[in-house]
Amino acid sequence: MKFGILVNEGPYQHQASDTAFNFTKAALDKGHEIVRVFFYHDGVNNGTRLTTPPQDDRNIVNRWGELAKEYELDLVVCVAAAQRRGIVDADEAKRHGKDADNIAEGFHISGLGQLIEMGIKADRVMAFGD
Amino acid sequence: MLHTVNKSPFEKNSLDTCLRLAKSGSEILLLEDGVYAAVKGTVVEQKMLQALSDYSVYALGPDLKARGIEEDRLIDGIEVVGYDGFVDLAASSDRVQSWL
């Protein structure tokens with residue numbers, strides 16, 4: 001079965017990012033396909049590589065990146081939500097005259113069309129958030 | 001159809017909204033702070049007992065454990081599932097609605 005994952009909440013806020021990750025991992029372990037993980041609203045904060053949690057805490061950002069690498073997942077951050085919250089890749093940084101970018105490895109910035117496409121391609125879309 | 005509720009019934013009205021709108025015969029999964037609704041002896045117990053006559057109710061085991069809730073404190077009839085069970089519920093339901 002094809003699942004689409006929608007994450008609407010930032011990491012370390014409540015629990016949605018953890019639940020989304022654990023669901024995604026469990027689905028992959030069972031042999032299901034993850035069409036895409038789409039980060040929207042405060043969920044875009046899952047995609048900054050500047051995150052530095054304490055060493056004895058889980059690194060939510062790296063964890064997504066590592067899972068994406070292992071399973072070739074498509075981690076998409078909504079561009080408009082990202083711009084508002086200061087999540088930028090090299091292209092966005094250049095376009096907006098910023099002095100740095102901060103997108104984490106494995107994530108890329110794209111538009112809401114990717115969310116719609118995920119809804120079309122997936123058998124189920126799972127929403128996690130507030 | 002699977003409904004998920006991730007908010008405590010003592011904080012938000014997600015559970016009430018879910019119970020008001022879910023069709024009889026649906027599955028309801030309590031997760032995150034939503035698992036507090038599964039505990040015996042609270043003011044929502046009667047509501048949950050009523051819900052159990054219309055729906056199959058599940059609670060996410062790891063979230064119970066994270067909150068120190070032992071399974072013997074759960075309302076009878078509520079089934080505990082893990083993340084793999086969550087995936088199975090989502091896969092076997094034709095639709096999924098998250099009440100946030």
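These are my notebook entries on chain B and on the contact between chains A and B.

Entry 1, the model. I am working with a predicted model, in which local features need pLDDT of at least 70, side-chain atom pairs count only at pLDDT 80 or more, and totals for chains, interfaces and linings use all residues. Residues are numbered from 1 along each chain as its sequence is written, while chains are lettered from A and ligands numbered from 1 in the order in which they are written.

Entry 2, elements of chain B. I counted 4 helices and 5 strands in chain B; both are DSSP runs, numbered from the N terminus, with helices being H or I of at least four residues and strands E of at least two. Read from the N terminus on, the order in chain B is β-α-β-α-β-α-β-α-β.

Entry 3, dimensions of chain B. I found a radius of gyration of 12 Å for chain B, close to the 13 Å that the globule rule gives for 100 residues, so chain B is as compact as a globular protein of that length. The radius is taken over C-alpha atoms, and the rule is 2.2 Å times the number of residues to the power 0.38. The C-alpha trace of chain B spans about 30 × 25 × 25 Å along its principal axes.

Entry 4, the contact of the chains. I looked up contacts (C-beta atoms, placed from the backbone, within 7 Å) and found 16 residues of chain A touching 11 residues of chain B. Helix H1 (16-29) and strand S5 (124-128) of chain A each supply at least two residues of the side of chain A that touches chain B. H1(A) gives the most to that side, with 5 residues.

Terms used: Two residues are in contact if their C-beta atoms, placed from the backbone, lie within 7 Å.
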